Amino acid sequence: MSRTPSDEAGNPTHHTPHGGFQPSGALRPLPSLIFASRWLQLPLYLGLIAAQGVYVWHFLLELWHLVEAVFGNQEALHALITNIGYKSDVQITHLNETIIMLVVLALIDVVMISNLLIMVIVGGYETFVSRMGLESHPDQPEWLSHVNASVLKVKLALSIIGISSIHLLKSFINAGSYEVQVLMWQTIIHVVFLLSALAIALTDKLTQSAHH
């Protein structure tokens, strides 16, 4: 009578294509509980989806104020000036190029943060929680096909640099509303972000080279 091979813990095993043995069947209770704990992250990603909804509402509201200000609505113009923190020595009664540029940069900032949220939600869920099975979906993001923890870190770092660049550009355009020390610290922080992203990318490259 043939005998089914088993491992040291008494769990049945079967041959692998490489000639070794591997356990078959369900995980033991404790490893199963630990592995299932990854689903605790699900409320976090659902919360980020709700936060993205708030950003969409904010984007539409700012866009609506911009359209109203174009047609001479003073309340909408005042709301835009207050939101972007624009200061002027003269009373502003209509849109000018600087205000339009600052508002558009603010809208771009919202879009980039929304892209960052999508990257964290989709990439994080795919990497740390469960497969989404998008391989055959026509709208699968190109970056998701080769995403892992290292790639996700680099992409997040690059996204943060892009957002920081938009903030820094907004500050330079509206430099009269800021103190020199504030502009200096914003520039220093942006440079730190750049160096951090370079360090992350270099570390990831060295790790991959050592692995290969």
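Reader: How many residues does H2 have, and how far does H2 reach from its first C-alpha to its last?

Author: Bear in mind that this is a predicted model. A helix can be checked by setting its end-to-end reach beside the span expected at 1.5 Å a residue; H2 has 29 residues and reaches 43 Å from its first C-alpha to its last, which is close to the expected 42 Å. Helix H4, residues 97–129, can be read in the same manner: its 33 residues should span 48 Å, and because its end C-alpha atoms lie 46 Å apart, the two values agree.

Reader: Where do these helices sit in the order of elements from the N terminus on?

Author: The elements run β-β-α-α-α-α-α-α from the N terminus, and the secondary structure comes to 6 helices and 2 strands.

Reader: Which residues of H2 are buried, and what covers them?

Author: The general idea is that an α-helix has 3.6 residues a turn, so residues three or four places apart point the same way. In this structure, the buried residues of H2 are Tyr 45, Gln 52, Glu 62, His 65, Leu 66 and Ala 69, and what covers them includes helix H3 (74–84) and H4.

Reader: Which residues make the nonpolar surface patch?

Author: Val 56, Leu 60, Leu 63, Trp 64, Val 67, Val 70 and Phe 71 make a nonpolar surface patch of about 720 Å². One of these residues, Leu 63, lies in helix H2, which comprises residues 42–70; Leu 63 counts as partly exposed because its relative accessible area is 34%, a value between the 20% limit for buried and the 50% limit for exposed. For the protein as a whole, about 14,600 Å² is exposed, and carbon and sulfur atoms supply 66% of that area.

Reader: What should I look for at the ends of H2 and H4, beginning with the phi of Gly 72 just after H2?

Author: Just after H2, Gly 72 takes a positive phi of about 90°. At the N-terminal end of H4, the feature to look for is a cap, which Asn 96 provides with a side-chain oxygen 3.2 Å from the backbone nitrogen of Thr 98.

Reader: How many salt bridges does a search of the whole structure find?

Author: The search finds 1 salt bridge, and this pair is formed by Glu 126 and Arg 131, whose closest N and O atoms are 3.1 Å apart. The two partners should also be read by their accessibility: Glu 126 counts as buried because its relative accessibility is 8%, whereas Arg 131 is exposed, with a relative accessible area of 63%.

Reader: Is Ser 171 buried or exposed, and which residues does Ser 171 touch beyond those up to four places away in sequence?

Author: Ser 171 is found in helix H5, residues 149–173, and it counts as buried because its relative accessibility is 3%. Leaving aside residues up to four places away in sequence, Ser 171 touches Tyr 178, Leu 183 and Gln 186. Of the 212 residues of the protein, 27% count as buried.

Reader: How should I read separation along the chain, for instance between Leu 198 and Leu 158?

Author: Separation along the chain and distance in space are read together: Leu 198 and Leu 158 are 40 residues apart along the chain, while their C-alpha atoms are separated by 9.3 Å. Leu 198 lies in helix H6, residues 180–211, and is exposed, with a relative accessible area of 59%. Across the protein, among contacts between residues at least 6 apart in sequence, 53% join residues at least 24 apart.

Notes: Residues numbered from 1 in each chain as written. Predicted model: local features only at pLDDT ≥ 70, side-chain atom pairs only at ≥ 80, totals over all residues. Heavy atoms only, no water. Salt bridge = Lys/Arg side-chain N within 4 Å of Asp/Glu carboxyl O. Buried < 20%, exposed > 50% of the residue type's maximum accessible area, 1.4 Å probe, protein only. Helix = DSSP H or I, 4+ residues; strand = E, 2+ residues; numbered from the N terminus. Expected span 1.5 Å × (residues − 1). Polar contact = N/O pair within 3.5 Å; in protein donor to acceptor, adjacent residues only side chain to side chain. Contact = heavy atoms within 4.5 Å. Areas by Shrake-Rupley, 256 points an atom, 1.4 Å probe, with all protein chains shown as cover. Patch = residues over 30% accessible without salt bridge, like charges linked within 9 Å, V, L, I, M, F, W, Y side chains within 5 Å.
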